[in-house]
Amino acid sequence: RYIIKTLTKEEAQLLIDTLGHYVEYMKKHGKKTFLTKYFGLHSVKLYSKVIYFMVSGNVFPTDKGLAEKIKERYDIKGSWID
């Protein structure tokens with residue numbers, strides 16, 4: 001149901017910087033979009049290290065029957081190809 005992902009400080013800042021546009025888009029298209037729904041951006045300080053993480057909705061179905069219908073998945077984060 002949820003995905004928790006660690007982020008670099010720069011990725012967390014990018015999420016903050018684009019949040020206004022994201023919120024407006026989701027208000028307009030929220031029910032008819034494939035964009036991930038973000039639920040939170042958090043940081044935890046452990047000793048002297050700050051760890052950033054975000055919580056988002058899982059876009060893939062958790063129902064096994066529905067999940068089996070997905071034929072291909074692509075992870076394009078971090079792709080260096082334009």
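**Close-up views of helix α1 and its surroundings**

**View 1. Helix α1 along its length.** Helix α1 is built from 21 residues and reaches 28 Å from its first C-alpha to its last, which is close to the 30 Å expected at 1.5 Å a residue. The model shown in this and the following views is predicted. At L19, α1 bends by about 50 degrees.

**View 2. The buried residues of α1 and what covers them.** Four names make up the buried residues of this helix, namely A12, L15, Y22 and M26. The cover over the buried residues of α1 includes the strands β1 (2-7), β2 and β3 (49-57). M26, which belongs to the buried residues of α1, is also touched by T33, a residue that is taken up again in the view of the loop.

**View 3. E11 in α1 and its distance to Y52.** E11 has its place in helix α1, where a relative accessibility of 27% makes this residue count as partly exposed. Because buried means under 20% relative accessible area and exposed means over 50%, the 27% of E11 falls into the class in between. Although E11 and Y52 are separated by 41 residues in sequence, their C-alpha atoms lie 8.9 Å apart in space.

**View 4. T33 in the loop between α1 and β2.** T33 is found in the loop that runs between α1 (9-29) and β2 (38-46). This loop residue counts as buried because its relative accessibility is 14%, and the cut-off for that class is under 20%. From its position in the loop, the side chain of T33 reaches the backbone nitrogen of L35 at 3.1 Å. When residues up to four places away in sequence are not counted, T33 touches Y25 and M26.

**View 5. The whole chain as the setting for the close-ups.** The secondary structure of the chain consists of two helices and three strands, and these elements follow one another along the sequence in the pattern β-α-β-β-α. The chain has 82 residues, of which 15% count as buried. Among the contacts in the chain with a separation of 6 or more, 46% are accounted for by residues 24 or more positions apart. The accessible surface of the chain comes to about 7600 Å², and carbon and sulfur atoms hold 59% of that surface.

Notes. Residues are numbered from 1 along each chain as its sequence is written. This is a predicted model: local features need pLDDT of at least 70, side-chain atom pairs count only at pLDDT 80 or more; totals for chains, interfaces and linings use all residues. Side-chain values use heavy atoms; hydrogens and water are left out. Buried means under 20% relative accessible area, exposed over 50%, partly exposed in between (1.4 Å probe, protein chains only). A polar contact is a pair of N or O atoms within 3.5 Å; within protein, one must be able to donate a hydrogen and the other to accept it, and residues adjacent in sequence count only if both atoms are side-chain atoms. Contact means heavy atoms within 4.5 Å. Accessible areas come from the Shrake-Rupley method with a 1.4 Å probe; for residues, only the protein chains shown count as cover. The expected span of a helix is 1.5 Å times one less than its number of residues. The bend at a residue is the angle between axes fitted to the seven residues ending there and the seven starting there.
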